[in-house]
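Please open the model in your viewer and set the display to a cartoon, with side chains hidden until a stop on the tour calls for them.

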Amino acid sequence: MDASLVDCIVDFLEVGIHTILYERKVYPGAVFTRTQKYSLSVYRSRHPALNGYIKDFLRAVRPDLMQGSLSKVHVFVFRVRDVYDHVTQQSKQNSFASVSIVEVESYFYTLLQRLCFIDGSLTANPPDCTFNLLCELIDGKEFPRSYEQDVAWVQAESSISHVSHSRVSPFKTLDAGVVKLDMYVEECCTK
């Protein structure tokens, strides 16, 4: 996949993760600052450690996105062992199609616009929630490419990637030819 397109997708994922954390109130609103992306007003964390965690995760999955072996990115919102929200971005890449960065950014505008209102369609999370970022690779790929580059990867327990008693809501689909993104929310029914 073209490096500039991968950069564009990684940039969107970063904005999307910050938006989910803000909209689902994983951290107090005072941790975030208002900024602009894709001509939308969005929130971004001001906390260096949180920003570093998100950036490091995205830097680590970038090679797999570039190679076409990244299948899904998960954002899990939970408290202790109970998962409450599970937002997934699933991508399917097609190297034969071509699309401009401007077109992709216009698609991302639409996705981000929906993401900014995610909280209105879900029930409130309990206090003291936290989150995890997980990546899922295509079948047959055991470790991320960055695993070989001394990046600290931890294999997810199957219990954290499963929301019991949940409802799945398709959130938004983006088919930009070269990449297809399906976003959906899996929400625990017993919060």
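What follows is a tour by selection, from the whole chain to single residues.

Before selecting anything, keep in mind that this is a predicted model. With the whole chain in view, you should find three helices and seven strands, and following them from the N terminus gives the order α-β-β-α-β-β-α-β-β-β. If you colour by accessibility, 45% of the 191 residues count as buried. Among the contacts with a separation of 6 or more, 72% join residues that are 24 or more positions apart.

Select residues 3-23 next, which form helix α1. This helix has 21 residues and reaches 30 Å from its first C-alpha to its last, close to the 30 Å expected at 1.5 Å a residue. It is mostly covered, with 16 of its 21 residues buried. Just after α1, stop at Lys25, whose phi is positive, at about 55°.

Keep α1 on screen and add residues 101-115, helix α3, which packs against α1 at an angle of about 10° with the two axes 11 Å apart. Angles under 35 degrees count as roughly parallel, and α1 and α3 are therefore roughly parallel to each other. Now show side chains at their contact: on the α1 side the residues include Leu5, Ile9, Phe12 and Ile20, and on the α3 side they include Val104, Phe108, Leu111 and Leu115. An α-helix has 3.6 residues a turn, so residues three or four places apart point the same way.

While α3 is selected, pick out Tyr107, which lies in this helix. Is Tyr107 buried or partly exposed? Its relative accessible area is 33%, so Tyr107 is partly exposed. Draw a distance from its C-alpha to that of Thr173, and the viewer should give 9.6 Å, although the two residues are 66 residues apart along the chain.

Move on to residues 32-37 and 40-45, strands β1 and β2, which pair in the antiparallel sense over six bridges. To follow the pairing, start at Thr33, whose bridge partner in β2 is Arg44, and then go to Lys37, whose partner in β2 is Leu40. The hairpin has two residues between the strands, and Tyr38 in this hairpin takes a positive phi near 55°. In a regular strand the side chains alternate between the two faces of the sheet.

Select residues 48-67 for helix α2, and compare its length with expectation: at 1.5 Å a residue its 20 residues should span 28 Å, and the end C-alpha atoms are 29 Å apart, which agrees. Where in α2 does the kink lie? Centre the view on Val61, where the kink is about 35°, shortly before the proline Pro63. Val61 and Pro63 are both among the buried residues of α2, a list that also includes Leu50, Ile54, Phe57, Leu58 and Leu65 as well as Asn51 and Asp64. Just after the helix, Gly68 takes a positive phi of about 90°.

For the last stop, select Ala60, which is also placed in α2. Its relative accessible area is 4%, and because buried means under 20%, Ala60 counts as buried. Add Cys135 and draw the C-alpha to C-alpha distance, which is 9.8 Å for a pair 75 residues apart in sequence.

Conventions. Residues numbered from 1 in each chain as written. Predicted model: local features only at pLDDT ≥ 70, side-chain atom pairs only at ≥ 80, totals over all residues. Heavy atoms only, no water. Helix = DSSP H or I, 4+ residues; strand = E, 2+ residues; numbered from the N terminus. Expected span 1.5 Å × (residues − 1). Bend = angle between axes of the 7 residues up to and from the residue. Buried < 20%, exposed > 50% of the residue type's maximum accessible area, 1.4 Å probe, protein only. Pairing = 2+ DSSP bridges. Axes fitted to C-alpha atoms, helices over the stretch in contact; angles between N-to-C directions. Parallel < 35°, antiparallel > 145°, perpendicular 65-115°, else oblique. Contact = heavy atoms within 4.5 Å.
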